[in-house]
Each structure stands twice: as C-alpha cells, then as structure tokens.
Amino acid sequence: YRTDTTLYLLADGDQKIATGGNCTELNLKNIELSGSGVKELDDTKVNISGTIKIASGTSFSTNDAVVFSGDTIDNKGTFRHYGSSFTFDGDTTHYIFMGADNIFNGIIITDNDTVVVKNNGITLNAGTFSIGKKSKFLMGGFTHYFASPKIELADDCEWDTKDATLVFNR
C-alpha cells in the first residue's frame, strides 16, 4: 500500500494496523499517534519517508521491519520496536527526539546517512547495531543501553560517543 499522506491513529484505546492478502508492506509519508492505548503495526513492514510523532501518553509498538528515510522521530510517549530491524536510510540526516521510554530491536544505519540523538538515550534491546559507509551516529550527552549481540562498523563511519554514556548490558 502506498500513500503520500499521513497515517493518523488518534483515538483512545488500542488500535492495530495489519496488512493482508497480497499487501505485505506500507509506504507512508508520516505517522502521527496520540490518545491512550497501544497503537500497533502488526506483521507489516513499514517504509516512512517523513516524520514519526508519538504524543505523550501514547504507546507505539511494531514487530516488523521499519525503514525510515524521513527527517524526524518525535517521541513523547512510549516506543517499542520488536523483531527485525529499524533501518535509517535515504542519504540524509535523521533527528531522533526519543522519549525516555524506548526500545529498538536492531538498528541499521545505511551508507551516507547521519543519525543525531537530540534528547534521551536509546535502548537497543537485541539485534544488530550497524553503521554503514560514510555514515554517522551522533549520540549526544545521553546514556544509551546496548544489549546487541552484534555490532558492525564500516571502516569510514563515525560513531560519536564523546559525551555519551554507553551501558553494554547483554
């Protein structure tokens, strides 16, 4: 399924988006989530080319691959990414305003991308952490938790941990 618009899940209560039949992935511009309950993308690969916004008091969960080629993740709620990997792609700079309550299963930064953490550290619960060629991961002065069994760094990538605290808790 393709759309150049925004997927809004705004009502209170749990909401689930799942594909079926011949549709195995969603291509979205933006996702905007608010309201109480869990907003879930179930068994659906999602490609997002714009922004992800999660309001305070809102929980977002997905258990499949996410490919993010957009510019901003603005999480003021709860972010849960289980299964597969969250991939930053698009030869661009991605800004992560991640709430304190966040979990990534695996993080892949493809070639020629920059990921900038702007507030709160990230929690990498499992899966691979990978930084591609000519890519940058700028962690800022935050505490980050890594339980990743595999870390892959391209020879010419930049993993800036200068002011960050890294806790390897596997």
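How many salt bridges does the count come to by the rule that a side-chain nitrogen of Lys or Arg lies within 4 Å of a carboxyl oxygen of Asp or Glu? The count comes to three. The structure is a predicted model, and the exercises below work through parts of it.

**Exercise 1. Describe the salt bridge of Lys76 and state how accessible each partner is.**

Solution.
- Step 1: The partner of Lys76 is Asp74, and their closest N and O atoms are 2.9 Å apart.
- Step 2: Lys76 has 53% relative accessibility and counts as exposed, because the exposed class is over 50%.
- Step 3: Asp74, at 22% relative accessibility, counts as partly exposed.

**Exercise 2. Find which parts of the chain are tied together by the salt bridge of Arg80 with Asp101.**

Solution.
- Step 1: In this pair the closest N and O atoms are 2.6 Å apart.
- Step 2: Arg80 lies in strand S11 (residues 78-81), while Asp101 lies in strand S14 (residues 101-103), so the pair ties together parts that are 21 residues apart in sequence.
- Step 3: Arg80 has 19% relative accessibility and counts as buried, because buried means under 20%.
- Step 4: Asp101 is partly exposed, with a relative accessible area of 33%.

**Exercise 3. Describe the salt bridge of Glu152, then look for Glu152 among the contacts of Ser130.**

Solution.
- Step 1: Glu152 pairs with Lys150, with the closest N and O atoms 3.1 Å apart.
- Step 2: Glu152 is partly exposed at 33% relative accessibility, and Lys150 is partly exposed with a relative accessible area of 43%.
- Step 3: Ser130 is part of strand S18 (residues 128-131).
- Step 4: With residues up to four places away in sequence not counted, Ser130 touches Glu152 as well as Ile107, Ile108 and Ile109.
- Step 5: Ser130 is buried, with a relative accessible area of 13%.

**Exercise 4. Is His144 buried or exposed, and what does its side chain reach?**

Solution.
- Step 1: His144 is placed in strand S20 (residues 143-146).
- Step 2: The relative accessible area of His144 is 0%, so His144 is buried.
- Step 3: The side chain of His144 reaches the backbone nitrogen of Ile122 at 3.0 Å.
- Step 4: Ile122 also appears in the contacts of His144 once neighbours within four places in sequence are left aside; the others are Val117, Gly121, Met139, Ala164, Thr165, Leu166 and Val167.

**Exercise 5. Which residues touch the most other members of the largest nonpolar core, and what does Phe88 touch?**

Solution.
- Step 1: The largest nonpolar core has 35 residues.
- Step 2: Those that touch the most other members are Ile31, Phe86, Phe88, Phe104, Ile107 and Phe137.
- Step 3: Not counting residues up to four places away in sequence, Phe88 touches Phe68, Ile73, His94, Ile96, Ile107, Ile108, Ile109, Thr110, Asp113 and Val115.
- Step 4: Ile107 therefore occurs in both lists, being a core residue named in step 2 and a contact of Phe88, where contact means heavy atoms within 4.5 Å.

**Exercise 6. Set Phe60 beside Phe168 and decide which is buried and which is exposed.**

Solution.
- Step 1: Phe60 sits in strand S8 (residues 59-62), and Phe168 in strand S23 (residues 165-168).
- Step 2: Phe60, at 5% relative accessibility, counts as buried, whereas Phe168 is exposed, with a relative accessible area of 52%.
- Step 3: Leaving out residues up to four places away in sequence, Phe60 touches Leu33, Lys39, Leu41, Ile54, Thr78, Phe79 and Arg80.
- Step 4: Phe168 makes a nonpolar surface patch of about 270 Å² together with Ile151 and Leu153.

**Exercise 7. Locate Asn120 and Lys134 and give the phi value of each.**

Solution.
- Step 1: Asn120 is in the loop between strand S16 (114-119) and strand S17 (123-124).
- Step 2: Asn120 has a positive phi of about 60°, although Asn120 is not a glycine.
- Step 3: Asn120 is partly exposed, with a relative accessible area of 30%.
- Step 4: Lys134 is in the loop between S18 and strand S19 (136-138).
- Step 5: Lys134, a residue other than glycine, has a positive phi near 55°.
- Step 6: At 59% relative accessibility, Lys134 counts as exposed.

Notes
Residues are numbered from 1 along each chain as its sequence is written. This is a predicted model: local features need pLDDT of at least 70, side-chain atom pairs count only at pLDDT 80 or more; totals for chains, interfaces and linings use all residues. Side-chain values use heavy atoms; hydrogens and water are left out. A nonpolar core is a set of buried Ala, Val, Leu, Ile, Met, Phe, Trp, Tyr and Cys residues joined through side-chain atoms within 4.5 Å. Buried means under 20% relative accessible area, exposed over 50%, partly exposed in between (1.4 Å probe, protein chains only). Patches are made of residues with over 30% relative accessible area and no salt bridge: like charges are joined within 9 Å, nonpolar side chains (Val, Leu, Ile, Met, Phe, Trp, Tyr) within 5 Å. Accessible areas come from the Shrake-Rupley method with a 1.4 Å probe; for residues, only the protein chains shown count as cover. Helices (H or I, at least four residues) and strands (E, at least two) are DSSP runs, numbered from the N terminus. A polar contact is a pair of N or O atoms within 3.5 Å; within protein, one must be able to donate a hydrogen and the other to accept it, and residues adjacent in sequence count only if both atoms are side-chain atoms.
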